[in-house]
Amino acid sequence: MSTTLEKTAEVERATAGSAAVDGIRPSEKTPRGPGRMSLWFRTHARDLLWLLPVLLVSAVVNFLNVGGSPQRIDDEGTYTAQAWAVTHLGELAHYTYWYDHPPLGWLQIAGYTQLTGAFERWDVAVLAGREAVLVAALISVVLLWALARRLGMSRVAAAATGLVFALSPLALQFHRTVYLDNVAVPWLLLAFFLATNRRGQLAAFAGSAFAFGIAVLTKETFLLALPVLAWVMLRSARRETRRYTLSVAASILVLIGGSYLLLAAVKGELFSGADRVSLMEGITFQLASREGSGSVADPDSLINRTLGMWWQLDPVFIVLSLVAAVYALLLPRLRPYAVLVLAMTAFMFRPGGYLPVPYVIMLIPFGALLIAGAADSAVARIRRRSASRRALATGFVAVAAVGAIVAVPLWGTQLRGFVLADLDAPLRGAEQWLEENATTDQRIIVDDAMWVDLVRAGWDRENVIWYYKLDTDPAVQADSPNGWRDADYVVTTDSMRTFPGAFPQVQQAIDNSVVVASFGSGPQAVEVRRVTIDGAEQAAISQQDAVAQRARLGAELATNPEITLDDADRDRLVAGQVDERIIAVLAAVAGAGSVTVAGFPVVTGEGDESFRQLAISSIGGSPVADDGRVTAEGRAFLDSLTGAYEPADVAVSGDTVVLRYPVSLRPLLP
């Protein structure tokens, strides 16, 4: 009696002479080494002529202006910071790792950045993470092509699949964002590609299970695709070896999933306990205790906002993919993928469920596959005049044609925004303002998108507080015994403003702070706020008193004949808009001789309510700078500024010296 393994070998030997997928005939005479590679290229030349342009277009469109649009968000900052912590801190995360997601996703990003030096090549850390996920997207284009061809789609349809996947504004928005889902997608596509293999099935199914296990450990929501993958395997498996190959695949999947449990067990964090995180708590949070996304009927609910964002990005893709999925239920080759899209769409609307914003990422490749595959099948059916369901096929082709006509101007407008808009400028401006105007010993509550950049700029990691952790991480709370009062600045973004009641300490920091610099507008707006211990209301009163005092002193100074300045700057003095330290410096200099004021330059990001920069061109008739160098008179002037009147920064521009004073919420003059 032969064993199952022997039967597998017999079946594979029996099929060794049959034509393989994509036209390659396995043979004992098949050349090896360079000759075999040359044969592969000759065999696949036509495929490469179609695939490579698709890959090139995808790369150009996805990478063009990757630092400008979309604006960085908190989630991608978190995954980037965790990857940076792996490579630079030797830790699984930049804060306490609490099993909210398996770590394999950012470990892959960390591996990519380490191999390519991505963190060293980008000034903005998140862009290193974006580079990693965009490379994953290009790999997905190749795998989508291969899967489409294996399903019998024409080269035109396979190329269309890749283009839709790469160029849909909905896809482009998420491909450019550092989500773990983007890292998991190529593994999922590889799993389905291998699951459809009909030659060497033991190795193929084992590889499929391994790839799917990696996908799930990269983003756990991909486990939802398991029933469909099992269905594809069951359909592809040979009857003679089905039980054995499926058993091996299942065993491999269980072993990979068990590695996550083993990690928690080795660290002693499998079950809940006092003063420690645990895997069970992470699972409980994700499946049970996490607040639901609300009702679609509620315009203020999370699910309503999420679906609205998807729809605004690309309604054509959403409608066509769902219509194609319904039509593809009639097509045996595409039926599993149609069921996957429709089932996961229905799953979004389960009562009380939570809908993550990147949930759609897993659906995008299969939506593109169904649109191109259904259209390809419908056109072929129309060409066969005797084919059944020609009317249905004609209807779908008509819908697809209308969708394409609508998509051209819609996609064109959206794609122009992606390649031309600089939505991230407000965040970069806020970071630059902090680096130039705050000191590294000051504590800052920030959106996680800025965390790595500020730590790399010199701040101690304990002084850069990811806002989410101030209310949730006991270690951070221990370092901040006075809560929000221990912070000097809070930098608000749309992420912070979305959930005003979810983080009480953060909200109190915002409520007890005043805006000192603002960048951008609308959802992209970023505000740098200085925390005031006495509260924002008292700070406003103090500022009003300071303005009145500055106006009185400025009015006296404006009449001094020893001070030369233009009418606009004189008006600023009289209005109380000039910093009191500048008023004191000018008064002291004018008391000893003449001084020429070149202006009160505005600090980038700050309004015209307060000017804390002073540009001087001459003192006592002598220039303070010449050709970008400080003169002896200028050096003597700068050396005389001590104590509270010592500037935070001195810049020389041509024949002008510009002094910048630090942010102050309290008047310094007696």
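**Close-up views of a helix, a cavity and a strand**

**View 1. Helix H13 bends by about 25° at Tyr260.** The model shown here and in the other views is predicted. H13 runs over residues 242–266. At 1.5 Å a residue, its 25 residues should span 36 Å, and the end C-alpha atoms are 36 Å apart, so the expected and modelled values agree. Tyr260, the site of the bend, is also one of the buried residues of H13. The others listed as buried in this helix are Thr245, Ala249, Ile256 and Ala264. After H13 comes Gly268, which has a positive phi near 70°.

**View 2. The search of the whole structure finds one cavity of 30 Å³ or more.** The space in this largest cavity is about 40 Å³. Its lining consists of Val133, Ala136, Ala137, Ser140, Phe165, His175, Asn182, Val185, Pro186 and Ile361. Two elements, helix H7 (125–150) and helix H10 (180–195), each give two or more residues to this lining. H7 provides the largest share, with four residues. By residue class, the lining holds seven nonpolar and three polar residues, and no charged ones.

**View 3. Strand E13 is mostly covered, with five of its five residues buried.** E13 comprises residues 656–660. In a regular strand, side chains alternate between the two faces of the sheet. In E13, Thr656, Val658 and Arg660 point one way, while Val657 and Leu659 point the other way. Residues on both sides are buried, Arg660 included.

**View 4. Strand E13 pairs with strands E8 and E12.** What is the sense of the pairing between E8 and E13? E8 (residues 613–619) and E13 are antiparallel, with four bridges. Within this pair, Ile616 stands opposite Val657 of E13. The pairing of E12 (residues 649–653) with E13 is antiparallel as well and extends over five bridges. Here Asp649 stands opposite Arg660 of E13.

**View 5. E12 and E13 form a hairpin.** Two residues lie between the strands. In the turn, Gly654 has a positive phi of about 65°. Beyond the turn, the strand E13 begins at Thr656, which is buried, and ends at Arg660, the residue opposite Asp649.

Technical notes:
Residues are numbered from 1 along each chain as its sequence is written. This is a predicted model: local features need pLDDT of at least 70, side-chain atom pairs count only at pLDDT 80 or more; totals for chains, interfaces and linings use all residues. Side-chain values use heavy atoms; hydrogens and water are left out. On a 1 Å grid over the protein atoms alone, a cavity is a set of points where a 1.4 Å probe fits but cannot get out, and a pocket is an open set with protein on both sides within 12 Å along at least five of seven lines; lining residues have an atom within 4 Å of a point. Grid points are joined across faces, edges and corners, and a volume is the space filled by probe spheres set on the points. Ala, Val, Leu, Ile, Met, Phe, Trp, Tyr, Cys and Pro count as nonpolar, Asp, Glu, Lys and Arg as charged, and the others, Gly among them, as polar. Buried means under 20% relative accessible area, exposed over 50%, partly exposed in between (1.4 Å probe, protein chains only). Two strands pair if DSSP finds at least two bridges between them. The expected span of a helix is 1.5 Å times one less than its number of residues. The bend at a residue is the angle between axes fitted to the seven residues ending there and the seven starting there.
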